[in-house]
Amino acid sequence: MTPPANSSCSNFESSVPSCWQAFATSVLEGQQLNDEDALKVLEAPDNELLDLLHAAFRIRHNYFGRKVQLYYLMNAKSGLCPEDCTYCSQSKISTAEIPRYNLLKRDELLAGAQAAADRQAKTYCIVISARGPSEREMAAVEQIVPEIKERYQLDVCACLGLLTPDQAVRLKICGVDRVNHNLNSGEEFYSQICSTHTYQDRIDTLRAVRNAGMELCSGGIVGMGESSQDIVDMAIQLRDLRVESIPVNFLNPIEGTPLAERNELTPNYCLKVLAMFRLVNPDREIRIAGGRELHLGSLQALGLYAANSIFVGDYLTTEGQIPEADYAMIRNMGFEVAEPSREKTVDASGS
Ligand code: SF4
């Protein structure tokens, strides 16, 4: 994608359209942002940040208007995970002080669905810490999902770790709408954050989910020591997989994990990351996920110019801000919470 000859990305006082606006116009005309231009977005001068966010907002507005989709997370099984993901407080190598428990009981999972509905969430995300689900966990999910869907106007997203094709089909049959399985970073960097499974294992799970006919939710974590190129690689891989929903997490360095000392993100960089994801994945749902309050701080509202979704409530092992603060932020920005809906947008072209 080549910006017009008279455009500028370096002179924020120029009256000609910046290359960020040129990028947005090209994307709205159906072109894809290439690798090199995506990297330029992450390297944008801070003086051009508002212009960049405006470019991202033109795309966001075209596909999602001023709506904000809310998601509610339930950590249905915490800790005790045999994997060694270095960013995760629930891994076997973490000594973080977190609650550790086995799969929650039916009543607790239903109470979570009630809380999701009460908070105007569109989607109830049931997450377990695991390499993949045991037969007992699969059976429990198969039992609870139809009950949740019967009682509430909620979509259900299951995050159960690596899945076999058969397990993916079983989740589809019991009514799971979407499966979350994050790529977490670019392929090059992946082996530096996990040794017990591979990037390809994660891709294989996403393909199994797609082949079973469910939507894909997959994103990553920024701030683990990866390069800007790694983040771009992930965004482009997610585009190639036609992932419907992309959670963008910003590392919350938790004491007791190998990445506890890593704290290199700035709010401005986080906003550039969100803008880049919007430009690369224009019509996909982009969610500001974990680390929103910690890293964006008082700028988190600006993130909604690029992203169209947030979690309401707590994250898996860290606290989020109170829901009332989220509703106030959405209102004050002139945005509105999207109504829950059961419309499906499964995209088979990336399978
Ligand atoms: S597989 Fe999931 S729960 Fe387990 S250590 Fe990795 S990120 Fe944490």
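## V169 in helix α6

In this predicted model, V169 belongs to helix α6. V169 has 17 other C-beta atoms within 10 Å and is therefore partly exposed, since a residue counts as buried if 20 or more such atoms lie within that distance and as exposed if 12 or fewer do. The C-alpha atoms of V169 and S94 are 32 Å apart in space, and the two residues are 75 apart in sequence.

## Packing of α5 against α6

Helix α6, the element that holds V169, covers residues 165-174 and packs with helix α5, which covers residues 135-151. The axes of the two helices are 9 Å apart and meet at an angle of about 20°. Because angles under 35 degrees count as roughly parallel, α5 is roughly parallel to α6. The crossing of this pair is right-handed.

On the α5 side, the contact is formed by M138, V141, E142, V145 and P146. Their partners in α6 are Q167, R170, L171 and C174. Sorted by class, the residues of this contact comprise six nonpolar, one polar and two charged.

## Packing of α2 against α9

Helix α2 spans residues 35-42 and helix α9 spans residues 228-240. Their axes come within 9 Å and cross at roughly 125°. An angle of this kind falls outside the ranges for roughly parallel, roughly antiparallel and roughly perpendicular pairs, so α2 and α9 are oblique to each other. The crossing in which α2 passes α9 is right-handed.

From α2, the residues D35, A38, L39 and L42 take part in the contact. From α9, the participants are S228, Q229, I231, V232, A235 and I236. The contact of α2 with α9 consists of seven nonpolar, two polar and one charged residues.

## A38 and Q229 at the α2 and α9 contact

A38 is located in helix α2. A38 has 24 C-beta neighbours inside 10 Å and therefore counts as buried. Apart from neighbours within four places in sequence, A38 is in contact with L33, V232, A235, I236, M276, L279 and V280. One of these residues, A235, is 197 residues from A38 along the chain, yet the C-alpha atoms of the two are separated by 9.0 Å.

Q229 is a residue of helix α9. Is Q229 buried or partly exposed? Q229 is partly exposed, because 15 other C-beta atoms lie within 10 Å. The C-alpha atoms of Q229 and G186 are 8.1 Å apart in space, with their positions 43 residues apart in sequence.

## Packing of α9 against α10

Helix α9 also packs with helix α10, which covers residues 267-280. The axes of α9 and α10 come within 10 Å and cross at roughly 30°. This angle makes α9 roughly parallel to α10. The crossing of α9 and α10 is right-handed.

The α9 residues in this contact are I231, V232, A235, I236 and R239. The α10 residues are V273, M276, F277 and V280. The contact of α9 with α10 contains eight nonpolar, no polar and one charged residues. Several members of this contact also concern A38, whose contacts include V232, A235, I236, M276 and V280.

## Residues with positive phi

L80 has a positive phi of about 65°, although L80 is not a glycine. This residue sits in the loop that runs between β1 (67-77) and α4 (106-118). L80 has 14 C-beta neighbours inside 10 Å and therefore counts as partly exposed.

N184 is likewise not a glycine and has a positive phi, of about 75°. The loop that holds N184 lies between β4 (178-180) and α7 (187-190). N184 is buried, because 23 other C-beta atoms lie within 10 Å.

## Surroundings of the ligand

Which residues surround the ligand? The shell is made up of C81, E83, C85, C88, Q90, S91, S129, R131 and G161. By class, this shell has three nonpolar, four polar and two charged residues.

Technical notes. Residues are numbered from 1 along each chain as its sequence is written. This is a predicted model: local features need pLDDT of at least 70, side-chain atom pairs count only at pLDDT 80 or more; totals for chains, interfaces and linings use all residues. A residue is near a molecule or strand if its C-beta atom, placed from the backbone, lies within 6 Å of it. Ala, Val, Leu, Ile, Met, Phe, Trp, Tyr, Cys and Pro count as nonpolar, Asp, Glu, Lys and Arg as charged, and the others, Gly among them, as polar. Axes are lines fitted to C-alpha atoms, for helices over the stretch in contact, and angles run from 0 to 180 degrees between N-to-C directions. Helices (H or I, at least four residues) and strands (E, at least two) are DSSP runs, numbered from the N terminus. Angles under 35 degrees count as roughly parallel, over 145 as roughly antiparallel, 65 to 115 as roughly perpendicular and the rest as oblique. A crossing is left-handed if the near helix is turned anticlockwise from the far one by less than a right angle, and right-handed if clockwise. Two residues are in contact if their C-beta atoms, placed from the backbone, lie within 7 Å.
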